[in-house]
Amino acid sequence: MPIDCRIKFPRLTDAEMRAIDYRVMGHVFDAQNELGHLCDESVYQLNLAERLSKAGFDVALEEPVTLTFGDFRTTLYLDLVVDQQVVYELKTVKKLLSEHEEQLLNYLFVTNVARGKLINFRSESVESKYINSRLDHADRHDFSVDVSAWNGDPSFLKLATELVQDWGTCLDQSLYLQAIVVGLGGKGRVVQQLPMTSRGRSMGLQRFHLADQQTAFRVTTFNDDESGGYAVQLQKLLSPSPLNRLYWINISRHQLRFETLHREGISDRKI
């Protein structure tokens with residue numbers, strides 16, 4: 001299976017989630033009252049797990065979720081799962097940020113869970129936030145493919161399309177990128193430092209991900225209203241490089257879009 005998790009999570013309603021969470025949070029506050037707010041995350045995790053187990057909850061720590069695609073394999077770990085229903089992501093940070101919300105949302109997507117919660121023990125009083133996913137497995141696999149601006153290698157198009165068909169949309173950009181890199185032969189072949197030249201002068205080395213010796217690629221996960229101007233920036237990146245082309249793959253909620261950008265002066269003919 002492209003996404004494998006031991007637990008088959010139900011998609012809880014808001015009321016069902018809050019009923020469990022109300023009981024869990026009492027133990028969360030007790031854990032911080034005992035330990036203060038300066039311990040490492042693992043200390044809070046084990047303390048909280050022990051408290052919840054003694055209270056009769058089913059508790060799983062570092063529950064693995066494995067994503068595969070061809071030769072690519074990676075495992076994500078859920079900090080705390082309660083009663084095989086609710087996912088908690090534990091933090092010890094100054095303040096919860098959007099990146100923490102995105103991390104938990106990513107976990108909700110791969111497990112097809114509707115609701116989870118962030119808990120931060122570092123703040124003087126426990127900081128927490130509900131994170132909801134309104135997209136289920138079927139929603140994330142309902143997308144169109146736009147190749148109207150594409151004239152690249154069909155094998156690359158096939159690789160990226162099959163990946164999104166397997167995993168669905170809305171996952172973290174780095175997961176898609178890692179899988180494509182492995183599908184193209186691995187980091188040693190794909191990730192290269194190339195010389196950049198401007199007005200006849202060397203500008204040092206720039207890291208690129210290469211689809212072939214003359215073609216870089218870039219994977220983004222912009223929503224439709226976020227990608228404005230990005231093609232211009234990619235064109236500026238390509239211009240001082242020794243490459244001829246750049247493939248841009250954008251994976252938005254309901255669309256997988258491919259575009260081929262050419263360095264100025266390079267023919268726009270089919271490859």
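A salt bridge, as I use the term here, is a side-chain nitrogen of Lys or Arg within 4 Å of a carboxyl oxygen of Asp or Glu. I'm working from a predicted model.

**Entry 1: salt bridges**

I started with the total, and the structure holds 12 salt bridges. I picked out a few to follow up.

The side chains of Asp21 and Lys117 form one of them, at 2.7 Å from N to O. I looked up where the two partners sit: Asp21 is in helix 1 (residues 14–35) and Lys117 is in strand 5 (residues 115–120), so this pair ties together parts that are 96 residues apart in sequence. Next I wanted to know whether Asp21 is buried or exposed. Asp21 has 2% relative accessibility, and because buried means under 20%, it counts as buried. Lys117 comes out at 5% relative accessibility, so I noted it as buried too.

I also found a network of salt bridges linking Asp14, Arg18 and Arg115.

**Entry 2: Arg257 and Asp146**

Which residue does Arg257 bridge to? The partner is Asp146, with the closest N and O atoms 3.5 Å apart. Arg257 belongs to strand 12 (residues 255–262) and Asp146 to strand 7 (residues 144–149), so the contact ties together parts 111 residues apart in sequence. I checked the accessibility of Arg257 as well: its relative accessible area is 25%, which makes it partly exposed.

**Entry 3: Arg245 and Asp212**

Here the side chains of Arg245 and Asp212 meet in a salt bridge at 3.9 Å, N to O. This pair links distant parts of the chain, with Arg245 in strand 11 (residues 245–251) and Asp212 in strand 9 (residues 201–212), 33 residues apart. I then compared the burial of the two partners. Arg245 is at 13% relative accessibility and counts as buried, whereas Asp212 is at 24% and counts as partly exposed.

**Entry 4: the sheet**

Strands 7, 9, 11 and 12 had turned up in my salt-bridge notes, so I looked up how they are arranged. They belong to an open sheet of 6 strands with mixed pairing, in the order 7-12-11-10-9-8. Which strands are at the edges? Strand 7 and strand 8 (191–198) are the edge strands, and each pairs on one side only. On average, neighbouring strands in this sheet are turned by 35° against each other, direction ignored.

I went through some of the pairings:

- Strand 7 and strand 12 pair in the parallel sense over 4 bridges, and Val145 stands opposite Leu256 in strand 12.
- Strand 11 and strand 12 are antiparallel, paired over 7 bridges, with Ile249 opposite Phe258 in strand 12. A hairpin joins strand 11 to strand 12 through 3 residues.
- Strand 10 (residues 215–220) runs parallel to strand 11 in their pairing, over 6 bridges. Thr220 has Asn250 in strand 11 as its bridge partner.

**Entry 5: what packs on the sheet**

I looked at two helices here. Helix 5 (residues 154–167) packs on the sheet and touches strand 7, strand 9, strand 10, strand 11 and strand 12. The direction of helix 5 makes about 155° with that of strand 12. Helix 6 (residues 173–183) lies across strand 9, strand 10 and strand 11, and runs at about 150° to strand 10.

Last, I asked how many residues of strand 12 are buried. The count is 6 of the 8, so strand 12 is largely enclosed by the rest of the structure.

Conventions: Residues numbered from 1 in each chain as written. Predicted model: local features only at pLDDT ≥ 70, side-chain atom pairs only at ≥ 80, totals over all residues. Heavy atoms only, no water. Buried < 20%, exposed > 50% of the residue type's maximum accessible area, 1.4 Å probe, protein only. Pairing = 2+ DSSP bridges. Axes fitted to C-alpha atoms, helices over the stretch in contact; angles between N-to-C directions. Contact = heavy atoms within 4.5 Å.
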